[in-house]
Amino acid sequence: MLNKAVARTDYIMETGYLSKELEAIAIKVETRERLSFEDGMTLFRSDDLVSIGALANHARERINGNLTYYNVNRHMNYTNVCVSDCAFCGFYRRVRHPEAYEWTVAECVEIARKAYSEGARELHIVGGLHPRLQFDYYTSLLSELKSNFPDMRLKAFTMVELDHLTRTCRMSDEEVIDGLVEAGLDSCPGGGAEIFAEPTRSRICAHKTSAERWLELSEKVHRRNIHTNATMLYGHIESHEDRVDHLIRLRELQDRTGGFMCFIPLAFHPEGTDLSHLPGPSAIDSLKTIAVSRLMLDNIVHIKAYWVMLGKGLAQIALRFGADDLDGTINDGGSLMESYLAEGNDNQLTKDGIEELIRGAGRIPVERDTLYNAIEPRAAVSPETNDSTRRNLPVLG
Ligand code: V47
């Protein structure tokens, strides 16, 4: 039997059922009223995954229509040396470890050359917190890549790497950001956010940049007119309160700057980490987290289902649970990805392969650039969808 909220929210009619605890939230979603902390908690506590998915799908289609974005990109992890010692990370090595590596700028250019010849137009460049690399390594890396491949977009360095540079190179935030932008930085990836809430953050990454600092640097980068992404690492020791707190802190910053392009919930992979005794998130938890993210983050246009971590099948289903982006074709480029690859996954998809996944979910694939411009004009974003959301975003600067 259909209940009252169903009658008022015909988008839920698809499911024919809406559990009682979600009625008020369904009405808020329909009337575009912002969800509260308590709403976020109610969603995470609810077992009615199908209705949560339907609500998130409704919000997703209102923002992004039937489109699903991907890009042709390559990850490049220039070093695995890291001083941060994060408990969830299976990638980092200490300086003198036999498996420690750091690539020269020339080696990175050669990797980029191969990627470019295979069609990549975005490099996702991140590495460990190396104690000895100097600022000119980072600027030469960007400027050499830019001068060799002017139309390759450089999405490089998380807020944690930026923070590390200010400390090891004794430079101000502005000097670091300006120096990188002048060298060719186009945007920044969303890593390093992990979970903002204490004491959880200190338990999983005691020596890492604090939440406040991660947010402060994001704001400064946005004010420099550079877009960034945001992530949340879930499925380890964090609580539902921690997750909702994380989403709300991002939403508040986005209200001020409008600088986040995309939010990526990252499913924890315990293997090879200090937290290997944990099971990692279930498929249900992953779908729910993606859906709740879509519903809470009413001011971030894109939600990414990162297929590398989720696995291709779950990422495809996520396109019906709020996600509108699958990341990219990717392809090797360092061992960070190996440390969190979903079971049975490889680290590469062809353009045809990723488009097939998207079509298989009943969505229209759109190859995009770093800033979500459609690469083929035929796939231009429909005015009814993105424009209405973008209108609500404050202008950067
Ligand atoms: O910050 C590390 C996470 C992040 C593990 O901006 C792990 O478009 C799961 O941020 N299990 C790096 N996750 C990756 C990242 C990212 C990925 C794809 C796209 C974008 C983007 C950003 O990976 C780290 C950390 O949160 N991570 N170890 C692990 N064992």
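Biologist: Which residue of β9 is the bridge partner of Asn71?

Modeller: In this predicted model, the partner of Asn71 is Gly328 in β9. A bridge of this kind helps one to read how strands are joined. Here strand β1, residues 67-71, is connected to β9 by 2 bridges, and the two strands run parallel.

Biologist: What is the order of the strands in the sheet?

Modeller: The sheet is open and has 3 strands, in the order β9-β1-β10, with parallel pairing. The edge strands, β9 (325-328) and β10 (364-367), each pair on one side only. On average, neighbouring strands of this sheet are turned by 25° against each other, direction ignored.

Biologist: How should I read the packing of helices, and at what angle do α10 and α11 pack?

Modeller: One considers the angle and the distance between the axes. Helix α10 (residues 211-223) packs with α11 at an angle of about 25°, and their axes are 10 Å apart. Angles under 35 degrees count as roughly parallel, and α10 and α11 are therefore roughly parallel to each other. The crossing is right-handed. Residues making the contact include Trp214 and Leu215 of α10 and Leu250 and Leu253 of α11. By class, this contact of α10 with α11 has 5 nonpolar, 3 polar and 5 charged residues.

Biologist: Where do the axes of α11 and α12 stand with respect to each other?

Modeller: The axes of α11 (residues 240-257) and α12 (residues 283-296) come within 10 Å and cross at roughly 35°. This crossing of α11 and α12 is right-handed. Among the contact residues are Val244, Leu247 and Ile248 of α11, together with Val292 and Met296 of α12. The contact of α11 with α12 divides into 5 nonpolar, 2 polar and 3 charged residues.

Key. Residues are numbered from 1 along each chain as its sequence is written. This is a predicted model: local features need pLDDT of at least 70, side-chain atom pairs count only at pLDDT 80 or more; totals for chains, interfaces and linings use all residues. Side-chain values use heavy atoms; hydrogens and water are left out. Two strands pair if DSSP finds at least two bridges between them. Helices (H or I, at least four residues) and strands (E, at least two) are DSSP runs, numbered from the N terminus. Axes are lines fitted to C-alpha atoms, for helices over the stretch in contact, and angles run from 0 to 180 degrees between N-to-C directions. A crossing is left-handed if the near helix is turned anticlockwise from the far one by less than a right angle, and right-handed if clockwise. Contact means heavy atoms within 4.5 Å. Ala, Val, Leu, Ile, Met, Phe, Trp, Tyr, Cys and Pro count as nonpolar, Asp, Glu, Lys and Arg as charged, and the others, Gly among them, as polar. Angles under 35 degrees count as roughly parallel, over 145 as roughly antiparallel, 65 to 115 as roughly perpendicular and the rest as oblique.
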